Each structure stands twice: as structure tokens, then as C-alpha cells.
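Got the model open in your viewer? Let's walk through it one selection at a time.

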Amino acid sequence: MVHTEDAAIVVDDLRVRRGKRGVLHGLTLHIPRGGVIGLLGPSGCGKSTLMRAIVGVQIVQSGSLTVLGHAAGSPQLRHRVGYVTQAASVYDDLTVRQNVSYFRAVLGAPRTDVDRVIDETDLGSHADDLVGSLSGGQRSRVSLAGALLGAPELLVLDEPTVGLDPVLRVELWGLFHRLAAAGTTLLVSSHVMDEATRCDRLLLLRNGELLADATPRGLLAATDTNDAESAFLTLIRQKPARTKPETGTDTDPRPSAS
Ligand SMILES: Nc1ncnc2c1ncn2[C@@H]1O[C@H](COP(=O)(O)OP(=O)(O)OP(=O)(O)O)[C@@H](O)[C@H]1O
């Protein structure tokens, strides 16, 4: 029985194909509200595909996705879910402030949000710079600033720390935890395993299947390891890969760590 009340995200037996390839093979998971949830796994395992399905921009083959009590992609979720893709969604020929102001107007968010999100993403000193003149990390923070407008209850962030230097990475994780402390649920993907320890909860994906749904501490204890990378390798050894990844006929994979 899947409970959708009070959950941020409920995924039930989700199957997704992209082109001729089966990408998600009967994924089932339940993410309560609040906290920073890390979605980790190797490149190509289906993290972005799952995120796209959660925000309602991915055609799904079967299964259900409930987000904040509504079917994923419902109009009711438009202002309640923020999404940042891996590629920054910004206008290079506008300044940081002009980009953020434009997205604010489209969303109908309060005018005071512009300064707030520029400040939260530490872009104040670049507010009047053209986005095309910024570094990759700064451009992706402009995208993040746009997603923070209107203070959405759920933030879905696809590899937000990629290309950032260690100082900015730590600052960004600080921001994620401040948002979580204020009640936001953040789903943050990464293929950098050492970011796992910064999350309140971890979802480990491999080949479109859930290998683990655990707290970092629970994961290390269940696998008797000291770091997320070793834990991941241990889980892979415990649970062999699917032999026919294209068919999508396997039964529901259950988490192997709690
Ligand atoms: N537009 C597309 N058309 C067809 N197949 C796709 C498309 N985009 C992704 N795929 C395939 O879907 C699978 C999952 O890709 P996805 O981008 O979800 O992985 P990921 O875990 O987010 O990877 P990364 O960490 O490299 O971003 C991969 O095998 C990929 O080749």
C-alpha cells in the first residue's frame, strides 16, 4: 500500500523508455516532505530521466507518480515545484538581474524575490553582468536563482554542483540545508559519491533500478563500509545487474538497504 498523504514524491512501479532503451524498470519509492534527498548513481543510470518524470516533462510507459499529492505535471504543481536542468536555462544576452526579473514576472512571484534569490545564490556582485560573460558555475547559479523564485515546496536539482569549485560547492550545500530547514524538500542528483554524506537521505540508482533508499549512516551500517562509494560497490556485488536491460519485464526491485 502506497501512502501519498504528506509525501513529497510517491513513485509506484514506474517504467520509462527513451528511444529503444528501457531506462527505468518498475521503480517504486516514497520520499517524505522536508530534507535534502540525494539521488546518486553512475552516469546514464536514469537520474535525469527520473527527475524529468517527477516534474512532468517525461513521457512514461507505465506506473504512477504523485508529487505533493497531485499527479506529476499537474497544473496545480506549477508554482510549487522548482526544477533546474543540467544545462543552465538562462538568456546570455540579459544580465543576471534581468534574467531573474523576467522569470519572476512569468511566474508572478513577489518582486522582493528578485533580490532574495540573487542574494541566496551569492550572485549580488554579478547582478548587473551579462549572463553570457559569467563562468559555468555562475551561469548554473542563475538557473538555480530562477528555481528559487516563489519559494517552491519541492526543488528538483539535476547535478547542481557540477563544475563548481569546492568553496562554492560547500556554500551551495549550505543553502540547500537552509532551505530544507525552512521546510523545502530538495531532490538533488549527483554522480559524485562524496556528496552523499551531505544528504539527509539517499536514493542509489543503478541501471534504472533502486539499489538503496537509506540514510547515509544507515547505508554505511548496512554495507559495513566507511564511505558511500564503497557502499555502492558493496551493494552492486550483493545485487547482480539485470541480464536483459532492454526488455523491462523484471518485477519491482526493492531497496536492499534501509
Ligand atoms: N533524449 C534521449 N533519447 C534517447 N535516450 C536517452 C535520451 N536521453 C537520455 N537517454 C538515455 O537514457 C539513459 C538514462 O539517461 P539519464 O540522462 O537519465 O542518466 P543520468 O543518470 O542522469 O546520467 P548523467 O549522470 O550522465 O547525467 C541513458 O542510457 C541515456 O543514453
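Start by selecting strand β3 (residues 35-40) and strand β9 (residues 201-206), which pair in the parallel sense over 4 bridges. To get your bearings, label Ile37 and look across to Arg201, its bridge partner in β9. Keep in mind as you go that this is a predicted model.

Now widen the selection to the whole sheet around that pair. You should have an open sheet of 6 strands, in the order β6-β7-β8-β3-β9-β10, and the pairing is mixed. At the edges sit β6 (81-84) and β10 (209-214), each of which pairs on one side only. Look along the sheet for its twist, which averages 15° from one strand to the next.

Stay with β9 and β10 and add a helix. Lying across these two strands is α6, which runs at about 110° to β10.

Next, show helix α6 (residues 216-223) together with helix α7 (residues 228-238). Their axes come within 9 Å and cross at roughly 50°, and α6 and α7 are therefore oblique to each other. The crossing of α6 past α7 is left-handed. Turn on side chains here: from α6 you want Pro216, Leu219, Leu220 and Thr223, which meet Ala228, Ala231, Thr234 and Leu235 of α7. Colour this contact by class and you get 6 nonpolar residues, 2 polar ones and no charged ones.

Here's another helix pair to try. Select helix α2 (residues 96-107) and helix α4 (residues 136-148), whose axes come within 9 Å and cross at roughly 30°. That angle makes α2 roughly parallel to α4. The crossing of α2 past α4 is right-handed. On the α2 side, the contact is made by Val96, Asn99, Val100 and Phe103, and on the α4 side by Val142, Ala145 and Gly146. The class count for this contact is 5 nonpolar, 2 polar and no charged residues.

Time for the other sheet on this tour. Select β2, β1, β4 and β5 in that order: these 4 strands form an open sheet with antiparallel pairing. Its edge strands are β2 and β5 (70-71), each pairing on one side only.

Zoom in on the β5 end. Strand β4 (residues 62-67) runs antiparallel to β5, and 2 bridges join them. Thr66 is a handy label here, as it stands opposite Ala71 in β5.

Then slide over to the β2 end. Strand β1 (residues 7-18) and strand β2 (residues 21-32) run antiparallel and are joined by 9 bridges. Pick Arg17 and you'll find Gly22 of β2 opposite. The two strands form a hairpin with 2 residues between them, and in the turn Gly19 has a positive phi of about 65°.

Leave that sheet on screen and add α1, which lies across β1, β2 and β4 and runs at about 120° to β1.

Last stop: the ligand. Which residues are closest to the ligand? Select its surroundings and you'll count 13 residues, the closest being Arg18, Gly19, Ser43, Ser48 and Thr49. So you meet Gly19 from the hairpin turn again. The elements that give two or more residues to this shell are β2 and α1 (47-55), with α1 supplying the largest share, 3 residues. Colour the shell by class to finish: 2 residues are nonpolar, 8 are polar and 3 are charged.

Methods: Residues numbered from 1 in each chain as written. Predicted model: local features only at pLDDT ≥ 70, side-chain atom pairs only at ≥ 80, totals over all residues. Pairing = 2+ DSSP bridges. Near = placed C-beta within 6 Å. Nonpolar A, V, L, I, M, F, W, Y, C, P; charged D, E, K, R; others polar. Axes fitted to C-alpha atoms, helices over the stretch in contact; angles between N-to-C directions. Parallel < 35°, antiparallel > 145°, perpendicular 65-115°, else oblique. Left-handed = near helix turned anticlockwise from the far one by under 90°. Contact = placed C-beta atoms within 7 Å.
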